[in-house]
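Open the model in a viewer and keep the sequence panel at hand. The stops below go chain by chain, with a selection to make at each one.

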Amino acid sequence: MHDNALAVESESLCLRSLDDLNRFRKQIMDKRDPDQPEIVVCHGTGCLANGSAEVSEAIRSALEASGIDAKVFPGIKTTGCQGFCSHGPLVVIRPQGIFYQNVKPKDAKEIIEKTIVQGDIVKRLLYKNPTDGKKILHEQDIPFYKRQTRVVLHNIGKIDPTDICDTIASGGYQALAKALTTMTPEQVVTEIEISGLRGRGGAGFPTGRKWRSALNAIEKKGRPVYVVVNGDEGDPGAFMDRTIMEGDPHAVLEGLILGAYALGANKGYLYVRAEYPLAIKHLTIAMEQARAYGLLGDNILNSGFSFDARINRGAGAFVCGESTALFTSIEGNPGNPRPKYVRSVEEGLWGRPTVLNNVETWANIPLIVNKGGDWYAAIGVPHSTGTKVFSLVGKVNNVGLVEVPMGVPLSTIVEDIGGGVPGGAPFKAVQTGGPSGGCIPYELKDTPVDFDSLTKAGSMMGSGAMIVMDNRDCVVDVGRYFLRFLEEESCGKCMPCRLGLSRMREILDNFSEGKGSEKDIEDLLSLSKAIQDSALCALGSSAPNPVLTTLNYFKDEYLAHVTRQKCPAGVCKNLITYQIDPDVCTGCTACAKQCPVSCIAGEKKKPHAIDTSLCIRCGICMDTCKFNAVNVI
Amino acid sequence: MITFTINDQKVTAGKGWTVLETAREYGIEIPTLCHHPAVKPSGACRLCMVELKDGDWSKLVASCIYPVAEGINIYTETPRVHNVRRWILEMLLASCPASPEISALAEAHGVISTRFKIHDPSQNCMICGLCQRICEEVVGLSAIAVVDRGVHKKVGSPFMRPTDVCVACGCCLTVCPTGAMQNIFDTVRGEPKMPLTQLAM
Amino acid sequence: MTDNALYIDEMMDQYPAKPEYLIVILQDIQNKYGYISSDAMRLACDHVHVPMTQAYAVATFYQSFRLDPLGEHEIKVCLGTACHLKGGQRLVEDLERKLKVAPGETTEDMRFTLNTVNCVGACALAPVVSVDNKYHPNATAQKMEKVLKTLTDPSLAEMEGTGNA
C-alpha cells in the first residue's frame with residue numbers, strides 16, 4: 001500500500017456513512033500540499049515494457065542523492081497507462097504538467113537537478129510536434145491529448161491505482177455513497193436508462209434496458225442474481241479495458257457495486273484475462289483496500305447492503321468474451337457457448353438472472369450516478385451517448401489510448417489525434433471491431449464513429465480497437481490473419497464455425513498464392529452467409545465480417561491476387577520478390593549475416609544481391625537493413 | 001397447447017417442446033446429426049436450422065433447441081436454409097470422407113461432391129459429441145471427453161490414454177451416427193478387469 | 001510426487017470443494033510446476049469432485065494450460081493484429097528456424113519453449129516478444145538472436161556487449 005500511515009489509521013476507520021467518507025477525503029487532502037512538486041511516472045504495461053520501472057527507480061535514487069530540502073521534496077507517483085504509449089516511458093512533473101517522453105534511467109539525474117532544483121526544462125526530453133517541429137512543454141498542449149475528452153480515463157495517469165486514498169481524494173466512491181444514502185435501487189436503474197449508455201463490449205446493447213430486463217426476470221424467478229465484469233478483453237489490438245483495470249481499478253469496482261445495489265445482487269465476479277497480470281494485481285489490491293474501508297463486503301457504508309466479489313482469471317480463450325461461454329468458464333468448464341435461446345439476464349450464471357457488462361461500461365456507471373443521466377446523455381450523439389475509449393494501433397504515428405465523444409469522424413481520431421500514417425501517406429483502411437468487425441476504407445474517413453454508423457459501414461464498434469492499415473498492408477493477408485485467429489479461438493463445438501472458418505481460410509490461402517478464381521470469391525460470399533446464418537454464437541456468426549468488408553471495399557485487390565498473381569501491397573510471400581537496390585545498398589553486410597539461407601552475397605562496402613532462387617522470402621533482410629535498400633517487387 | 005405453423009401448416013405442440021420435436025411429430029423432415037432423444041440437445045451440427053419468419057423479418061434458428069411459441073411461423077425449406085445445409089454437408093464430405101452415412105445424407109440433399117481438400121481420407125468422426133453426452137448423461141460415467149478446441153477438437157479420454165472409468169458398456173457405439181466410435185473405443189477403455197469367459201460364468 | 005502432492009493439497013485447502021474452483025486450482029498448479037501432470041490433475045479433480053474428463057477438457061481447451069513440462073526459458077511471440085502487421089509472424093518463423101521447434105513445442109535439450117500469444121495489449125511496442133515474461137519491445141530477428149545468445153551463454157553476450165564479438 002502506498003500510504004502506510006493512512007492505511008493503519010483506517011483499520012479503526014471503517015467508513016460508515018457519506019459523512020465519514022467526506023471527512024476521510026478531507027483528511028487526505030489536508031495532508032497534501034498542492035504546490036509540492038510531484039514526479040509522475042507512467043507504469044502502464046507499455047511504459048513498463050520500455051523500462052519505466054527502472055526510470056522511477058533511478059529518479060528515486062537521484063532524489064535521495066540530491067539532498068533537496070525536505071520542504072520542497074517532491075513525491076514520486078507511479079500511475080496507470082497515460083495512453084501515449086508510443087512515446088514512453090513518460091514522466092510528468094506536476095503541478096506544472098511538464099511532459100517528458102522517452103525518458104531513460106540516465107535522464108533521472110538531469111530531471112532532478114534541472115527541473116526540480118533549478119526549475120529549468122530538459123529540452124531534449126520534450127515532445128516535438130511533427131507538424132511544425134516545435135517542442136511542446138505541457139502535457140495538456142500536446143495534440144494527442146488536447147483533442148481528447150477524458151471522461152472514463154479522467155483519473156488514469158493522475159492517481160496511483162494501488163492507493164485507495166488517491167482514488168478517494170479524486171472523488172472515488174462518492175457515487176456509491178450518494179446512491180446508498182440518497183437513492184433507491186430503482187432510481188439508479190432509471191438514471192442509467194436516461195443516460196442512454198450502451199454496452200462497451202461490442203454489441204452496444206443499452207445498459208439500462210439490460211438492467212431493467214434483469215429486474216423483470218428477478219421478479220419472476222427471485223434472487224440470487226449475479227453481476228459480472230467482462231474483463232476478458234480478447235480483441236487483438238484492444239487494450240482499453242486493460243488500461244482501466246490497471247489504472248483505475250476502483251472505478252470498475254465502484255460501478256460493479258452500484259450495479260449490485262441497483263439489482264439487489266450480493267455476489268459478483270470479475271472475469272479478467274490471464275494475459276493481464278498487472279490488471280489482476282491492481283484489482284486484487286483495490287478489492288482488499290475497499291473491504292478494509294467498508295466499501296465492499298458486509299454492510300457497505302453502514303447502509304445494510306452487502307456485496308462481495310471475486311476475481312476469476314481467464315485461462316486463455318477468446319471465445320470467453322462471449323457471455324454464455326464466460327459463464328460456463330466461471331462455472332469451471334471449457335468455455336463453450338450455451339446452446340440456448342434464453343437471454344442471460346434471465347438465465348445466466350448457474351441458471352440465475354445475471355447482468356454481465358464490460359469493464360468500460362462498469363467504469364461509466366459511477367460517473368452517471370454522480371453527475372446524472374442527463375449530463376451523460378448530452379455527450380456524444382443521440383443514439384450513442386457518452387465517450388468511447390479506443391486503442392489506436394498499427395500504422396499510425398501516435399499509437400496509444402484515445403477517448404473521444406461518440407460520433408466524432410474517424411479522420412479526427414486517426415489523423416488529428418493519431419497524427420496519421422508515418423511518412424504522411426493517407427491511411428488505406430481502419431480495422432475496427434477486432435475479428436468480428438471490418439475494415440473502413442479511406443474514402444469513408446468522415447464516417448462518424450458511433451455504434452450505428454460503423455454498423456452501416458459494414459464494420460462494428462466492437463470493444464474499441466482501431467487498427468490503422470497503410471498501403472503496405474494486404475487485405476487478403478489481414479483476412480487470413482483474422483480467420484486463422486478465429487479458427488484457433490473457435491470453441492469448435494458447432495460445425496459451421498469449426499469447419500467453415502478453416503475452409504474460408506483455405507480459399508484465402510490459395511489467393512495468397514495466386515491460385516483460385518473469381519468463382520471462389522462468390523463461394524466465399526455464399527459460405528460467409530451460411531456461417532452468419534447458422535453459427536451457434538456471435539464469435540462464429542460475426543467471423544466472416546473482416547473478409548466481407550474487405551471484399552466489399554477492396555475487391556480489386558482480391559482480384560489482383562487471383563487473376564494477375566500480384567499482391568499490390570507486397571505482403572503475400574508467394575507473389576513477391578525481394579531485391580536490393582544497388583544505388584542505396586552500402587554493403588554493410590548486415591542483411592547477409594542475418595539471412596537464414598545465406599542467399600545474399602556481395603563484397604564488403606559494395607552493393608549486395610539476393611539470389612532469388614534460394615530466397616525463402618522471410619523478410620529478415622528488409623527488417624535488418626538500416627538504409628531501406630531492400631525492396632519488394 | 002401451443003399453436004404455430006411449419007411450412008404454413010398449422011401445428012400444435014406441448015409446452016416446452018422444441019420446433020424439431022413438433023416437426024417430427026407431424027412427419028415434417030428436418031435433417032440432424034447431433035440430435036438423439038436419449039440426451040439433451042446440444043445444437044452443435046446446425047443441420048437442423050430452420051427459418052423463423054415474421055413479415056419481412058426473418059432469421060435462422062436451430063430447431064433442436066428453439067422452444068415453440070404461440071403464433072410463430074417456421075419454414076424448413078427456404079433458400080437460406082438450403083444454403084446452410086448444403087455448405088455444412090459439403091464441408092462434412094471433405095472432413096469425414098470415410099463415412100457412408102454422411103455421403104448418403106449429403107446426396108439426399110443434392111450434395112454429391114466437395115470442392116474442399118480432403119486432409120484425412122480415413123476420417124469418419126465429425127465430433128457431434130453424442131458419445132460424450134451419452135456417457136455423461138445416461139451412463140453417468142464421463143469416460144469420454146471432447147478435448148481441445150476449434151479445429152483441433154477431438155474425442156478421447158484424459159491424456160488420450162485408456163481409462164478404467166470406461167466399463168465398455170457400448171452405449172457410445174450405439175449412438176455414434178457414423179460408426180467412428182468403433183475406431184476410438186479401444187483407445188478409451190482400459191484393460192478388462194476380468195476375462196470375458198469368467199464374466200459369462 | 002509426495003512432496004508435490006503435499007504442496008498441492010495444502011494449496012487447494014484455500015479453495016472450497018466446488019467445481020467452480022477447478023480452473024483456479026489448475027492455474028495454481030501450473031504456476032508452481034510449469035505444467036499439469038496427470039497425477040496433479042487427479043488431485044484437483046478429487047478436491048472439486050469432477051471427473052477427470054472435465055479437467056482434461058478444460059486443460060486442453062484453454063491456451064494457457066500445458067500438459068508437458070515447460071523449457072527452461074519460455075519465448076512468447078505476440079500475434080495480436082498490430083504485431084502481425086509489424087512482422088510478428090516473420091519473427092515466429094525465424095524463431096522456428098533458430099530453435100528447430102514449432103510453436104507450442106520445447107527444444108530437445110529442454111532449454112526453450114516457443115509459444116505464440118494473441119495480443120498482450122502492448123500494441124504500441126509492436127512487434128512484442130516476451131521472454132520469461134519480460135517484454136522485448138520492437139523486436140527484430142537480430143535482437144532476438146542476441147537475446148537467445150544471452151540465454152544460452154551469458155558470457156558470450158557480455159563479450160558482444162563490449163564489442164569483442
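How far apart do the C-alpha centres of domain 1 and domain 2 of chain C lie? This is a predicted model. Start by selecting residues 2-61 of chain C, which the domain assignment gives as domain 1, and then 73-161, given as domain 2. The C-alpha centres of these two domains of chain C are 30 Å apart.

**Chain C: the sheet**

Stay in chain C and display the strands. Four of them, in the order β2-β1-β3-β4, make an open sheet with mixed pairing. Colour β2 (112-117) and β4 (134-136) of chain C separately: these are the edge strands, and each pairs on one side only. From one strand to the next the twist averages 25°.

Now zoom in on β3 of chain C, residues 129-131, which runs antiparallel to β4(C) and is joined to β4(C) by 3 bridges. Pick Ser130(C); opposite this residue, in β4(C), stands Tyr135(C). Next add helix α6 of chain C, residues 88-99. Helix α6 packs on the sheet and touches β1 (73-78), β2 and β3 of chain C. The direction of helix α6 makes about 150° with that of β1(C).

**Chain C against chain A**

Bring chain A into view and select the contact between the two chains. It takes 43 residues from chain A and 40 residues from chain C. On the chain A side, the elements that each supply at least two residues are α3 (45-49), β13 (387-394), β17 (465-469), α19 (475-489) and α26 (620-624). Coloured by class, this side of chain A shows 20 nonpolar, 16 polar and 7 charged residues.

**Chain A: a helix pair**

Hide chain C and select residues 185-195 and 207-221 of chain A, which are helices α9 and α10. Their axes cross at roughly 145° and come within 7 Å. Show side chains for Val189(A), Ile192(A), Glu193(A) and Ser195(A) in α9(A); they meet Thr207(A), Gly208(A), Trp211(A), Arg212(A) and Leu215(A) in α10(A). By class, this contact has 4 nonpolar, 3 polar and 2 charged residues.

**Chain B: domains**

Move to chain B and colour by domain: the assignment gives domain 1 (2-75), domain 2 (78-124) and domain 3 (130-189). Between domain 1 and domain 3 of chain B the C-alpha centres are 29 Å apart. The contact between these two domains of chain B involves 7 residues of domain 1 and 7 residues of domain 3. The domain 1 side divides into 4 nonpolar, 2 polar and 1 charged.

**Chain B: the sheet**

Select the strands in the order β2-β1-β5-β3-β4 of chain B; these 5 strands form an open sheet with mixed pairing. Why is one side of β2 (9-13) and of β4 (57-62) of chain B left without a neighbour in the sheet? Both stand at the edges with a single partner strand each, so one side of each has no neighbour there. The twist averages 35° from one strand to the next.

Within this sheet, β3 (residues 49-54) and β5 (residues 73-75) of chain B pair antiparallel over 3 bridges. Pick Leu52(B) and look across to Ile74(B) in β5(B), which stands opposite. Then add helix α2 of chain B, residues 79-95, lying across β3 and β4 of chain B and running at about 160° to β3(B).

**Last stop: chain B against chain C**

Show chain C again beside chain B. Here 10 residues of chain B are in contact with 9 residues of chain C. The chain B side consists of 7 nonpolar, 1 polar and 2 charged residues.

How values were computed
Residues are numbered from 1 along each chain as its sequence is written. Chains are lettered from A and ligands numbered from 1 in the order in which they are written. This is a predicted model: local features need pLDDT of at least 70, side-chain atom pairs count only at pLDDT 80 or more; totals for chains, interfaces and linings use all residues. Ala, Val, Leu, Ile, Met, Phe, Trp, Tyr, Cys and Pro count as nonpolar, Asp, Glu, Lys and Arg as charged, and the others, Gly among them, as polar. Domain bounds come from an automatic or database domain assignment. Axes are lines fitted to C-alpha atoms, for helices over the stretch in contact, and angles run from 0 to 180 degrees between N-to-C directions. Helices (H or I, at least four residues) and strands (E, at least two) are DSSP runs, numbered from the N terminus. Two strands pair if DSSP finds at least two bridges between them.
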